Amino acid sequence: MKSVRVALAATLLLAFIGLPLKAAETAPSDVAIGSVIDDFSFKDTRYLAREFSELGKASAYVVVFTTLDCPIVQRYLPRLVELDEEYRSRGVRFVAMNVGPGDAIVEIARQALEAGAEFPFAKDFDGDVVAALGVARTPEAVVLDGERRLVYRGRIDSQYRYGGVRPDRGREDLKEAIDDVLAGREVRVPETSVDGCLITPDVLRAPDEPVTFAEHVAPLLKTHCQGCHRPGTTAPFSLRTYDEAVDHAEMIAEVVREQRMPPLFASEAHGTFINRREMTPAEIRLVRQWVAGDQALGDVSLLPEPLEPQQSKWRISEPDLVITMGKPIEIPADGYVPYKYVVLPHVFTEDTWISQVEILPGNQSAVHHCNMAYVEFGGDYSDAQFITGHVPGGLPMVLEDGVGFCIPKGAMLGLQLHYVTNGSATTDQTSVGFVFAKGRIDKRLQHFRVSDLEFEIEPEHPHYPVAASHTFDCNATGVGLFVHMHLRGKDMTFDAKYPDGGEETLLTVPNYNFDWQVGYVWERGAVRFPRGTAIECVAHFDNSHFNPYNPDPSVAVRYGPQTYHEMMYGFVFYTDDDEELRLEIDPATGHVVEGKGVEAERVEAETVDKTASR
């Protein structure tokens, strides 16, 4: 009897400590080896719905299922990068397919960037790809031959296991399967068991208590959505009322589930920014539960007052000065419109200090973005004298007390406008509004661009790197960062290299979006840079055919102003800690009050000294 008890205890102990080994067994799939796989859909890191066929013709396809938190996935990412580098030139296409229910696309893009992966990372929101390929775990790998016949499903190799790590890779199952396909023979071992994390479907559970619009959803829309989604803004529809929310319910559920809205393109892994907007997982679940349920209104006494419609066409304070283009620009109904350059009809007769600036398109649907710089009288537009810009998703320039921007005496303003066609011939006559600085100005807003103008992006390169750096020549306080690239822009990372040898990643934008360019603003005084700090920017460009916005993947791409060219600009906005202007500004004109300022104080001090010496 004792031996039975011992045996039973040993069995139970092994069952407990051996759970990971048991978990390595993969349930039989109902998608048989040899099956021809129909086309299936997924979302790429640009939030776009894509078809597997968009990868193009290949000798073989490898799909590896991933999550952000599976430890075995993390261990195998370098191996996948290695295999991709080895086989890409032989026509093998790799895809990492994320199946983590709560994994955000922006963080999936960061995972790819940090792994150095040049192949696409994607998201299987609804389990369609899991079902199509019959997988059960991460990082399970699937190989399809050139005819999309499923020829291998299983582990990558046998080095990394739940219970530990063996000193070598053992049998390299995935590599062997690829070699067999490329050699035109049947895969010798078409299926293997997988050590990894079980794939958990994204099942929306029923709420514990009824979810209503009044109590649960309306406050979230007010906090996260109505800043844009209300009358008087550029958002395509309003979300102030119950009826408006019901009319767009399914779309709301989709974009918050995908974390496409509120728009966010910076990884949470680096940097703290005051304009970062995102819903928590609990908030996302509430919205989805309301949409999936009966979309009840609930107790109207609990409804929060929605944000008021935007009354003014300006997001800045009422401007002190408005300058409008001298004549409208005609925009065709379709086709590509080269950049237009316009000099505004106004000359600044004195140095003019401003605290707020907004570029207001005359035709919001036609102006994709607009940059503004000051130019000498009769001169041409130059990015070197950049002031601010209007971009989709961007904010107007609003400076803090004591900080201003100076437009120099004799300057005019030049606009660089990028127009898009919308199906109807139309016109635009853009305006710019200025609020003059008021009171005392101690600091001027300054910026530099970390940029490379000499790159040449190779044809069909999916992850071409471009790097540049710039060093602070003063002790500085950071104001914010901004990323600008064109249609092939993929990601950009800002790193600070401090004089004492320390390093810090300030910002990573792993899935840059040309159509929604966001500035990243620090809390006042929160980020400081000692003199000699180098800001290094590394960007990557996707010049492959899989980039859906790529004008022509067959050509090399260089720096240039048009969107079919490229740019690599990392903007850094800051103030000089040692600058102390002590300027008194006339609020009616933005000019320095005569006799008020550092120069005047210096002259006055010299006069006093001379008088005393006599």
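1. The secondary structure of the protein chain comes to 11 helices and 36 strands, and the reader should bear in mind from the outset that the model is a predicted one. The chain has 614 residues, of which 49% count as buried, and along its principal axes the C-alpha trace spans about 110 × 65 × 60 Å.

2. I would begin with strand β1, residues 41–44, which runs antiparallel to strand β2, residues 49–51, and is joined to β2 by three bridges. Within this pairing Lys43 stands opposite Ala49 of β2. Strand β1 also pairs with strand β5, residues 121–123, again in the antiparallel sense, over two bridges, and here the bridge partner of Asp44 is Ala122.

3. The hairpin of β1 and β2 has four residues between its strands, and Tyr47 there takes a positive phi near 70°. Most residues other than glycine have a negative phi, and Tyr47 has its positive value although it is not a glycine. The loop between β1 and β2 is the place of Tyr47, yet this residue counts as buried, because its relative accessibility is 7% and the cut-off for buried is under 20%.

4. A second residue of this kind is Glu460, which has a positive phi of about 65° although it is not a glycine. Glu460 is found in the loop between β26 (456–457) and β27 (464–471), and with a relative accessible area of 38% it is partly exposed, whereas Tyr47, at 7%, counts as buried.

5. Helix α3, residues 71–87, has 17 residues and reaches 25 Å from its first C-alpha to its last, which is close to the 24 Å expected at 1.5 Å a residue. The helix nevertheless bends by about 35° at Leu77, and a proline, Pro78, follows within four residues. Leu77 is itself one of the buried residues of α3, which also include Ile72, Val73, Tyr76, Leu80, Val81, Leu83 and Tyr87, together with Arg79 and Asp84.

6. Which residues lie nearest the centre of the second largest pocket? They are Pro101, Gly102, Gln259, Pro281 and Ile284, out of a lining of 23 residues, and the space in this pocket is about 470 Å³. Helices α4 (105–115) and α10 (281–292) each supply at least two residues of the lining, with α10 giving the most, namely four residues. By residue class, the lining of the second largest pocket divides into 10 nonpolar, three polar and 10 charged residues.

7. A search of the whole structure finds five cavities of 30 Å³ or more, and the largest cavity holds about 100 Å³ of space. Its lining consists of 13 residues, of which Gln259, Met261, Pro262, Glu278 and Met279 lie nearest the centre; Gln259 is thus named here as well as among the residues nearest the centre of the second largest pocket. The lining of the largest cavity divides into 10 nonpolar residues, one polar and two charged.

8. Two peptide bonds deserve a check by anyone preparing coordinates from this model. Most peptide bonds are trans. Met261 and Pro262, however, are joined by a cis peptide bond with omega of about -10°, and Pro262 is found in the loop between α9 (249–257) and α10; both Met261 and Pro262 are among the residues nearest the centre of the largest cavity. Another cis peptide bond joins Thr138 and Pro139, with omega of about 0°, and Pro139 is found in the loop between β6 (137–138) and β7 (141–145).

9. Strand β16, residues 367–376, is largely enclosed by the rest of the structure, since eight of its 10 residues are buried. β16 pairs with strand β20, residues 411–419, in the antiparallel sense over nine bridges, and the bridge partner of Asn371 in β20 is Gln416. Four bridges also join β16 to strand β17, residues 386–390, which runs antiparallel to β16, and there Met372 stands opposite Thr388.

10. Finally, Asp128 is found in helix α5, residues 128–133, and it counts as partly exposed because its relative accessibility is 44%. Asp128 and Gly519 are 391 residues apart in sequence, and their C-alpha atoms are 35 Å apart in space.

Notes
Residues are numbered from 1 along each chain as its sequence is written. This is a predicted model: local features need pLDDT of at least 70, side-chain atom pairs count only at pLDDT 80 or more; totals for chains, interfaces and linings use all residues. Side-chain values use heavy atoms; hydrogens and water are left out. Two strands pair if DSSP finds at least two bridges between them. The expected span of a helix is 1.5 Å times one less than its number of residues. The bend at a residue is the angle between axes fitted to the seven residues ending there and the seven starting there. Buried means under 20% relative accessible area, exposed over 50%, partly exposed in between (1.4 Å probe, protein chains only). On a 1 Å grid over the protein atoms alone, a cavity is a set of points where a 1.4 Å probe fits but cannot get out, and a pocket is an open set with protein on both sides within 12 Å along at least five of seven lines; lining residues have an atom within 4 Å of a point. Grid points are joined across faces, edges and corners, and a volume is the space filled by probe spheres set on the points. Ala, Val, Leu, Ile, Met, Phe, Trp, Tyr, Cys and Pro count as nonpolar, Asp, Glu, Lys and Arg as charged, and the others, Gly among them, as polar.
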